[in-house]
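Biologist: I would like to learn how to read a single protein chain, beginning with the whole and ending with individual residues. Could you take me through it step by step?

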Amino acid sequence: MKTIDIEKIVRARKGGDKIPGFVLRWLKKFIHQDFINAYLEQGYMGGEFCHHCLEYLDIKMEVEGLENLDLVPEGKHITMASNHPLGGVDGVAMLGVMYDRYKDNIRLMVNDFLMNIEGIAPVCIPINKIGGQARGLAETINEAYESENEMLIFPAGICSRKQKDGTIQDKEWKKNFIQQSVRTGRYIIPVHFIARNSDRFYRVTKISDRLKMKFNPAMAFLPDELYRAQHKTFKVIIGKPIAPETFDSSRRPQEWAQWVREQAYGL
C-alpha cells in the first residue's frame, strides 16, 4: 500500500531541495503523516477502506432515512446528492455508511488529487482535471452515470462556507447531476450531512474566497480537519428518491439543482 512521504514529494519539486529540514518536519506533523500512514499500511481498498476508516477514526454515524433507499424501483440506479460540510471526512463517511448496502458498487466524484490515496481510488471518479487530461473528463463522467454503480456526489464541488448568520452551507449546486441523472434514468436522493469544520478552516476559506485565489489554501488544512474529526458523531439524513421525470422543462436544470439543494437542507 502506497503511503504518504511529504519530504519525498517536496524534494521532487523544483526548489524543493532548498526547503529546510525543520520546515519538512513541521509539515509532517501538520498533516499527521504518521497517523495517516499507520492506517494506509493496513491495506484496505475501496469501500472497505472507507468502512474501516470510520473505525480507525472512532467516528460514529447516526443515519436517518436508510429505508428510503428501498423506495427506488427495482432495476433503477440512484444519484445521492449531498451537501459538503467537511471537504473530506464526509465523503469517506458516506462511502463507509453505504458499504454495507452497495459494497464497491458506488462511485464518488472527487478532486483528482485524492486519487493519490491508493485505498480510496477504486470507488472514486476523478474530476477537476487540467490540461490534456481534461479532454477525456466528459467521457469519464458519462460512463460513470451509464454504469451499474450508484453515484454519490457533492454538487457544490467545494466545501461548505460559513455564512454571515453563522450557518454552514454549500455554495450554489452545479446542474450536471440533474442533466446526467435525467439522461440515464437515475433517481435522485437528497442527503443532508450535518457537520462542520473548525473556525480556523472557515477563516482561511473566507480569505481565499475574498482574494479569489485559484488554489484554495484551505485544502492544505483538510488532513488536520480529518484528524480533528476523531471520536465525533455525525448525523446524516437520507431523503426520499425523486424520479427523473420530475425534472421537466418547467425549470432550467440549474434551477432544479437549487431545488434539490433546498430539499437536502430541509431534511
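Biologist: What pLDDT does the protein chain average?

Modeller: This is a predicted model, and the chain averages a pLDDT of 88, with 93% of the residues scoring at least 70. The average hides some variation, since confidence is lowest in helix H1 (residues 6-11), at a mean of 75, and highest in strand E8 (residues 187-194), at 98.

Biologist: How many helices and strands does the secondary structure of the protein chain come to?

Modeller: The chain has 10 helices and nine strands. Its radius of gyration is 19 Å, close to the 18 Å that the globule rule gives for 267 residues, so the chain is as compact as a globular protein of that length. Measures along the principal axes complement that single radius: the C-alpha trace spans about 60 × 40 × 40 Å.

Biologist: What share of the contacts in the protein chain with a separation of 6 or more comes from residues 24 or more positions apart?

Modeller: That share is 75%. Burial is another way to read the chain, and here 47% of the 267 residues count as buried.

Biologist: What can be said about the accessible surface of the protein chain, and how many positive and negative side chains are there?

Modeller: The accessible surface comes to about 14200 Å², of which 52% belongs to carbon and sulfur atoms. As for charge, there are 38 positive and 34 negative side chains, and the centres of these two sets lie 10 Å apart.

Biologist: Turning to individual residues, why does Ile189 count as buried?

Modeller: A residue is called buried when its relative accessible area is under 20%. Ile189 counts as buried because its relative accessibility is 0%, and its place is in strand E8, the element where confidence is highest. Not counting residues up to four places away in sequence, Ile189 touches several others, among them Leu69, Val72, Ile78, Met80, Ile238 and Pro241. Sequence separation and spatial distance can also be read together for a pair: Ile189 and Trp256 are 67 residues apart in sequence and 13 Å apart in space, C-alpha to C-alpha.

Biologist: Is Thr205 buried or exposed, and in which helix is its place?

Modeller: Thr205 counts as buried, at 1% relative accessibility, and its place is in helix H8 (residues 199-211). Leaving aside neighbours within four places in sequence, Thr205 is in contact with Arg161 and Ala218.

Terms used: Residues numbered from 1 in each chain as written. Predicted model: local features only at pLDDT ≥ 70, side-chain atom pairs only at ≥ 80, totals over all residues. Heavy atoms only, no water. Helix = DSSP H or I, 4+ residues; strand = E, 2+ residues; numbered from the N terminus. Rg over C-alpha atoms; globule rule 2.2 N^0.38 Å. Buried < 20%, exposed > 50% of the residue type's maximum accessible area, 1.4 Å probe, protein only. Contact = heavy atoms within 4.5 Å. Areas by Shrake-Rupley, 256 points an atom, 1.4 Å probe, with all protein chains shown as cover. Lys, Arg positive; Asp, Glu negative; His and termini not counted. Charge placed at Lys NZ, Arg CZ, Asp CG, Glu CD. pLDDT = per-residue confidence, 0-100.
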